[in-house]
Amino acid sequence: PVAKDLIDSGATVLVARGGTSDALRAGGIVRVPVVSIPITAYDVLRAVAEAKKKAPSVCIMAFESMIEGLDEIIHLTGTETSVVTLHEGFNIRDAMKDVWARGEVCFVGGAITCEIAHVSGYPCVLIRSGKESVSEAIHEASRIVQVRRAEEQKRTLLRGALDSIDDGLVVVDSAGRPELWNSRAVEVFGGDDLIRSETFQAFM
């Protein structure tokens with residue numbers, strides 16, 4: 001809902017990380033580009049070091065997209081550390097309950113993991129992305145916005161040129177899907193919705 005509200009308000013690029021980024025990308029939930037904020041090994045090591053102060057063992061709960069090289073990270077921590085790999089539809093609450101049943105542990109993970117841990121009464125440390133990672137993601141998002149604006153300006157100019165033609169014209173992509181059309185085409189074919197429809201594509 002939040003992503004949809006942002007897009008409806010005019011957002012052309014979304015910036016997210018971890019499970020949120022995966023969920024936004026999956027199944028075409030949003031119709032705008034999604035830029036992921038990377039999480040580095042240092043971000044994880046910093047969170048694990050803090051977690052070691054809260055419990056004798058640590059359990060990292062993270063989506064595969066959040067961090068790479070977990071095995072190497074675990075080796076560097078020099079402490080009893082386990083990893084639970086999350087995925088879409090995974091029951092984090094039950095997984096935490098199972099891990100906790102094996103002994104006192106401090107969880108390390110993203111916002112969703114820490115929120116569930118807090119409600120369940122388990123200690124948890126949030127993996128925080130470094131300033132460099134956030135800055136890099138914002139820079140990439142800004143670049144995408146600039147490219148999309150330039151493309152939209154070209155489309156506006158082309159649409160203006162098409163509207164100056166008396167005949168109805170529809171510009172299609174390589175797959176035969178309509179991309180641009182002029183005002184006369186709307187009159188000929190009976191509206192924008194019909195031009196966008198599968199019926200029109202079949203006609204083409």
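Author: Let me start with a definition: a residue is buried under 20% relative accessible area, exposed over 50%, and partly exposed in between (1.4 Å probe, protein chains only). This is a predicted model, where local features need pLDDT of at least 70 and side-chain atom pairs count only at pLDDT 80 or more, while totals for chains, interfaces and linings use all residues. Numbering runs from 1 along each chain as its sequence is written, and side-chain values use heavy atoms, with hydrogens and water left out.

Reader: Thanks! Why is Arg 184 called partly exposed?

Author: Its relative accessible area is 38%, a value between the limits of 20% and 50%, so Arg 184 falls in the middle class.

Reader: What makes Arg 184 and Glu 187 a salt bridge?

Author: The term asks for a side-chain nitrogen of Lys or Arg within 4 Å of a carboxyl oxygen of Asp or Glu. For Arg 184 and Glu 187 the N to O distance is 2.9 Å, so the pair passes. Their partner status differs in one respect: Glu 187, at 56% relative accessibility, is over the 50% limit and therefore exposed. In general, side chains of opposite charge can pair when their charged atoms come close.

Reader: How do you know that Arg 184 and Glu 187 are about one helical turn apart?

Author: They are 3 residues apart in helix α8 (residues 183-189), and that spacing is about one helical turn. A helix here is a DSSP run of H or I with at least four residues, a strand is a run of E with at least two, and both are numbered from the N terminus. By that rule the chain has 10 helices and 8 strands.

Reader: And what makes Glu 140 and Arg 143 a salt bridge?

Author: Their closest N and O atoms are 2.8 Å apart, so they meet the 4 Å limit. Glu 140 and Arg 143 sit 3 residues apart in helix α7 (residues 131-163). Glu 140 has 28% relative accessible area and Arg 143 has 41%, so both are partly exposed.

Reader: Which residues are linked with Lys 4 in a network of salt bridges?

Author: Asp 8 and Arg 31 belong to that network with Lys 4. The Lys 4 to Asp 8 bridge has an N to O distance of 2.9 Å, and these two residues lie 4 apart in helix α1 (residues 2-8). Lys 4 is exposed, because 52% is over the 50% limit, whereas Asp 8, at 47%, is partly exposed. The structure holds 5 salt bridges.

Reader: Let's move inside. Why is Met 61 called buried?

Author: Its relative accessible area is 0%, under the 20% limit, so Met 61 counts as buried. Met 61 lies in strand β3.

Reader: What is Met 61 in contact with, leaving aside its neighbours within four places in sequence?

Author: Contact means heavy atoms within 4.5 Å. The partners of Met 61 include Val 84, Phe 107, Ile 92 and Thr 113. Met 61 and Ile 92 are 31 residues apart in sequence, with 8.5 Å between their C-alpha atoms.

Reader: How do you know that Thr 113 is buried?

Author: Thr 113, in helix α6, has 2% relative accessibility, under the 20% limit, so the label fits. Beyond residues up to four places away in sequence, Thr 113 touches Met 61, Leu 86, Ile 92, Met 96 and Cys 124.

Reader: Why is Pro 123 called partly exposed?

Author: At 24%, Pro 123 is between the 20% and 50% limits, so it is partly exposed. Pro 123 is in the loop between α6 and β6 (124-126), and its C-alpha is 5.0 Å from that of Cys 106, a residue 17 places away in sequence.

Reader: Finally, what makes the second largest pocket a pocket?

Author: On a 1 Å grid over the protein atoms alone, a pocket is an open set of points where a 1.4 Å probe fits, with protein on both sides within 12 Å along at least five of seven lines; lining residues have an atom within 4 Å of a point. The second largest pocket has a volume of about 180 Å³, the space filled by probe spheres set on points joined across faces, edges and corners. Of its 14 lining residues, the closest to its centre are Arg 17, Thr 20, Gly 110, Ala 111 and Ile 112. Helix α2 (18-25), strand β3 (58-63) and helix α6 (111-120) each supply at least two residues of that lining.
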